[in-house]
Amino acid sequence: MNILTSSCHLDYYRLSSSTQNHNHLPKMAPAVDPALEQLEAILKETLASVSDPKVKEKLTKAQRSRQNRFSQILNKFALDGQVALVTGGGQGIGRGIAHGLGEAGCKVAVADLELSRAETVAAELQAKGIQSLALKVDVSKKQEVEDMVKKVLSTFGDLHIGVNNAGIVFHSDSEDTSEKEWTKTMDVNLNGVFYCCQAEAKHMLKKGYGRIINTASMSATIVNHPQKQVAYNTSKAGVVHMSKTLGTEWCDRGVTVNCISPGYADTELNRSESLLAVRTQWLNETPMHKLADVDDLVGGVLYLTSGLANFTTGLDLIMDGGFTCW
Ligand SMILES: NC(=O)c1ccc[n+]([C@@H]2O[C@H](COP(=O)([O-])OP(=O)(O)OC[C@H]3O[C@@H](n4cnc5c(N)ncnc54)[C@H](O)[C@@H]3O)[C@@H](O)[C@H]2O)c1
């Protein structure tokens with residue numbers, strides 16, 4: 001059992017223990033959803049009170065069919081036995097994704113520029129009974145990325161899911177954006193994602209299975225304002241198109257590549273003094289009038305890694321509270 005009943009992302013389901021690979025999803029015990037439990041209880045009670053064997057048979061069939069349908073569809077969200085790697089997993093969105101994937105059954109490698117952050121998240125996962133590994137990596141360094149993937153493979157023996165999420169942002173008027181700022185942003189946000197995709201896919205393509213999810217941003221689609229961030233926006237547009245390109249190049253060999261594009265999320269990235277002043281404007285311009293909680297974004301990743309996304313590749317999944325619609 002590698003999901004605790006206290007887990008928050010999948011608290012409607014309890015996964016059974018399993019060592020199956022991605023081709024054979026685990027058995028999942030039916031839910032603790034109160035509405036379904038109530039239905040189950042009514043069916044049980046009705047069955048007990050019916051004496052006509054024909055009616056009894058029909059009711060039994062209905063009960064079995066409901067149970068089967070329920071467990072088959074939710075089984076596809078289970079990731080038991082799979083290995084996931086999350087970069088920038090030491091805090092914010094990456095941390096949330098690491099927890100979500102762990103709760104769905106994965107062993108999780110948490111990689112971050114700040115080793116202490118990765119270690120903290122890995123320890124949080126261990127405390128939930130999830131196998132984890134903390135790694136230090138600078139995703140803008142190709143060799144470090146390759147070493148990171150090697151370490152995951154030597155520790156867990158496989159890699160099914162790569163979430164390339166590490167990213168940075170600077171703000172400056174475009175005419176004043178320094179070469180250093182531009183290059184650093186591209187190195188981490190664009191080159192780093194590519195190095196990760198490449199290193200992960202080299203293994204995944206050999207095995208014929210892989211799910212790569214890159215964290216882009218709604219900034220790939222809209223231009224944020226009032227803060228100026230030309231390098232960030234350009235890098236994220238690159239991530240979206242890279243994901244489409246790789247997603248179509250590798251999908252017929254079993255490896256899908258998609259990206260998620262969050263809107264404004266409530267993380268450290270947005271907590272600098274200068275940004276606090278513009279948060280009210282963001283809230284006004286977001287139809288839902290809220291910033292994303294990290295958990296609001298985890299479901300999209302779970303979908304893209306699940307057996308329900310078998311026909312999905314090159315998707316830019318925008319989760320922005322409606323921001324890009326206005
Ligand atoms: N927060 C938002 O509003 C928002 C919106 C859209 C997209 N995103 C994207 O989501 C991703 C995560 O954002 P977040 O808000 O959780 O940010 P965050 O700053 O809270 O966390 C990012 C993590 O990445 C790590 N990191 C930074 N540079 C790295 C590097 N070179 N190598 C390895 N790790 C590195 C940091 O140490 C940090 O732990 C980023 O790609 C970001 O661009 C965030």
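The shell around the ligand has 14 polar residues, eleven nonpolar ones and five charged ones. Keep in mind that this is a predicted model. In total, 30 residues surround the ligand, and the protein around them is built from ten helices and nine strands. Here's a quick tour: the ligand shell, then helix α4, then the strands, and finally a few residues worth a look.

**Around the ligand**
- The closest of the surrounding residues are G88, G92, A166, G167 and T267.
- Two helices, α3 (92-103) and α6 (179-207), each put at least two residues into the shell.
- The largest share comes from α3, with three residues.

**The protein overall**
- Of the 326 residues in the protein, 42% are buried.
- Take the contacts with a separation of 6 or more: 71% of them are between residues 24 or more positions apart.

**Helix α4**
- Helix α4 covers residues 115-127, and its 13 residues should span 18 Å at 1.5 Å a residue. The C-alpha atoms at its ends are indeed 18 Å apart, so the expected and modelled lengths agree.
- Buried in α4 are R117, A118, V121, A122 and L125. Looking down the helix axis, the buried residues sit within an arc of 130°, so they line one face of α4.
- Over on the other side of α4 you'll find S116, A123 and A127, which are exposed.
- The cover over the buried residues of α4 includes α3, β4 (107-112) and β5 (132-136). Helix α3 also turns up in the ligand shell, where it supplies three residues.
- E124 belongs to helix α4 as well. This residue counts as partly exposed because it has 16 C-beta neighbours inside 10 Å, while a buried residue needs 20 or more and an exposed one has 12 or fewer.
- E124 and H99 lie 25 residues apart in sequence, and their C-alpha atoms are 8.4 Å apart in space.
- After α4 comes G129, with a positive phi near 85°.

**Strands β4 and β5**
- β4 and β5 run parallel, joined by five bridges.
- One pairing to look for is A111, whose bridge partner in β5 is L135.
- β5 is mostly covered, with four of its five residues buried. As noted, β5 is also among the elements that cover the buried residues of α4.

**Strands β7 and β8**
- β8 (residues 255-262) is mostly covered too: eight of its eight residues are buried.
- On β8, V255, V257, C259 and S261 point one way, whereas T256, N258, I260 and P262 point the other way. Both sets are buried.
- β8 pairs with β7 (residues 210-215) in the parallel sense, over six bridges.
- Within that neighbourhood, R211 stands opposite T256 of β8.

**P226 and its cis peptide bond**
- P226 is in the loop between β7 and α7 (230-250).
- The peptide bond from H225 to P226 is cis, and its omega is near 10°.
- P226 has 9 other C-beta atoms within 10 Å, and 12 or fewer counts as exposed, so P226 is exposed.
- Leaving out residues up to four places away in sequence, P226 touches V278 and Q281.
- W282 is 56 residues from P226 along the chain, yet the two C-alpha atoms are separated by 9.1 Å.

**H289 and its positive phi**
- H289 isn't a glycine, but its phi is positive, at about 55°.
- You'll find H289 in the loop between α9 (279-285) and α10 (294-305).
- H289 is exposed, because the 11 other C-beta atoms within 10 Å keep it under the same limit of 12 or fewer.

Conventions: Residues are numbered from 1 along each chain as its sequence is written. This is a predicted model: local features need pLDDT of at least 70, side-chain atom pairs count only at pLDDT 80 or more; totals for chains, interfaces and linings use all residues. A residue is near a molecule or strand if its C-beta atom, placed from the backbone, lies within 6 Å of it. Ala, Val, Leu, Ile, Met, Phe, Trp, Tyr, Cys and Pro count as nonpolar, Asp, Glu, Lys and Arg as charged, and the others, Gly among them, as polar. The expected span of a helix is 1.5 Å times one less than its number of residues. The arc is that of the directions from the helix axis to the C-beta atoms. Two residues are in contact if their C-beta atoms, placed from the backbone, lie within 7 Å. Two strands pair if DSSP finds at least two bridges between them.
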